[in-house]
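Got the viewer open? Here is a quick briefing to read alongside it, starting with one pair of residues and working outwards.

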Amino acid sequence: VSFLIPDCGILPEVLKSTIADIGEYYLVRNLALHELVAHEFIDAFVKKGSCYALTYKTKIDQDNTAALLPNGKLILSVDKDTYEELGLQGHPSRYSGKKAMRYIITIDLTDAGFHPESKKHSRVLWALKEKKPLEFDFLMAWYSTGAEGSTLMSHFSKNQIKALKPKVTFSTLRNLQCPVLRSTNLEGKQEEFCSTEELFEWLGAVCNQVSFDNKSSSFLSTYCCPEPNTVVDKAFLCTITGFIIPEKIIQLLEQLCCYFDEPKLAYWLTLTVHGFADSPVSWRESEHGFHKGGENLYNFVIFRNLDYWLQMAVGTHDDCPP
């Protein structure tokens, strides 16, 4: 997650507090996949809040991977041999070519027919525990409002579990060239306003600290800021890296919108959220392909009058966002 505020004065304390309270997440080592379908885990976390899990350092184009979504669905992306050994119902990956070499299995942990005494639950538990045991390192997070009880740290105390804090970096950009934008004009207008595409490209250059000098001697980039543009004395760039859940992103977005409550110099600001390149899903439950890149992101451009643009992007051949 990163946000950019051009022409930024002093950052409000409430915004600083939101960044500091972005929340911790957990790295659970060598976690058997069948533990995520155990009714103790489902009752304690899946049914009492939003639980997130993603296999750590697995590659969706070559490894078995898994993700637990906040709606209670466990998504497995497995190779052909693993799929045949598990014997669970699934479908071929849309990215595996004419000869299916990868399969997607979806298990709804909140399904009324998936209770502990059901044949469906027994079949899945047996497949993951006895037939083909699968074990991964997982990134995990849980969000619940007002619910008390077990925590991930205590529930997985027998495993090697570690609490992690997102990494936060702040940058002050001096004399930054910024495109001139109008919230009601998406296509841009020559010599008056820049387009959404030009803003998106410019933002990528800023976040990657690409120089706008456009020097012919540069071996790295000849990119220059789109026109028309203006130079701001100071811009504020914050980047937060980690397993950040949507509930915390919403809180950050709300505080950024409140930035305009008091008179500020900034006419607009941006909030960009990148998904994991090797997540088996991208938008909602859509399958995520890697191919040449694992892009999976969205970007808000929020204006002073609280109009906004929403830009979404995925990798080549992936389904378009809803």
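Let's start with a pairing: L269 has I302, in strand 13, as its bridge partner. Keep in mind as you look around that this is a predicted model. From that pair we can move to the strands around it, then to the big picture, a sheet, two helices and a tryptophan.

**Around strand 12**

- The L269 and I302 pair belongs to a longer match-up, as strand 12 and strand 13 run antiparallel and are joined over seven bridges.
- Strand 12 also pairs with strand 1 (residues 2-6), again in the antiparallel sense, this time over three bridges.
- One spot to find there is F3, whose bridge partner in strand 12 is L271.
- How many of the seven residues of strand 12 are buried? Six of them are, so to speak, under cover: the strand is mostly covered.

**The tryptophan in the loop**

- Between strand 12 (268-274) and strand 13 (296-303) there is a loop, and that is where you'll find W283.
- Is W283 buried or exposed? W283 counts as buried, because its relative accessibility is 14% and the cut-off for buried is under 20%.
- Setting aside neighbours within four places in sequence, the contacts of W283 are N296, L297, Y298, M312, A313, V314, P321 and P322.
- Take P321 from that list: it sits 38 residues away from W283 along the chain, yet their C-alpha atoms are separated by 5.9 Å.

**The whole chain**

- The protein chain has 322 residues, and 46% of them count as buried.
- Its helices number seven and its strands 14.
- If you boxed up the C-alpha atoms along the principal axes, you'd need roughly 65 × 50 × 35 Å.
- Look at contacts between residues at least 6 apart in sequence: 71% of these join residues at least 24 apart.
- The accessible surface adds up to about 17,200 Å², and carbon and sulfur atoms account for 50% of that.
- There are 32 positive and 40 negative charges, and the mean positions of the two groups lie 5 Å apart.

**The eight-stranded sheet**

- Eight strands make an open sheet with antiparallel pairing, in the order 6-7-5-4-3-8-2-9.
- Strand 6 (91-92) and strand 9 (160-164) are at the edges; each has a single partner strand, so one side of each has no neighbour in the sheet.
- Further in, strand 2 (residues 25-32) and strand 8 (residues 135-143) pair antiparallel over five bridges.
- To spot this pairing, look for L27, which has L139 in strand 8 as its bridge partner.
- A handy thing to know when looking at any sheet: side chains in a regular strand alternate between its two faces.

**Two helices with 13 residues**

- Helix 4 (residues 119-131) has end C-alpha atoms only 16 Å apart, short of the 18 Å a straight helix of its 13 residues would reach at 1.5 Å a residue.
- Which residues of helix 4 are buried? They are H121, V124, A127 and L128.
- Their cover includes helix 2 (39-46), strand 5 (73-79), helix 3 (80-86) and strand 7 (102-108).
- Helix 7 (residues 246-258) has 13 residues too, which should span 18 Å at 1.5 Å a residue, and its end C-alpha atoms are indeed 18 Å apart.
- Buried residues in helix 7 are E247, K248, I249, L252, L253 and L256.

Technical notes: Residues are numbered from 1 along each chain as its sequence is written. This is a predicted model: local features need pLDDT of at least 70, side-chain atom pairs count only at pLDDT 80 or more; totals for chains, interfaces and linings use all residues. Side-chain values use heavy atoms; hydrogens and water are left out. Helices (H or I, at least four residues) and strands (E, at least two) are DSSP runs, numbered from the N terminus. Buried means under 20% relative accessible area, exposed over 50%, partly exposed in between (1.4 Å probe, protein chains only). Contact means heavy atoms within 4.5 Å. Accessible areas come from the Shrake-Rupley method with a 1.4 Å probe; for residues, only the protein chains shown count as cover. Lys and Arg count as positive and Asp and Glu as negative; His and the chain ends are not counted. The place of a charge is taken as NZ of Lys, CZ of Arg, CG of Asp or CD of Glu. Two strands pair if DSSP finds at least two bridges between them. The expected span of a helix is 1.5 Å times one less than its number of residues.
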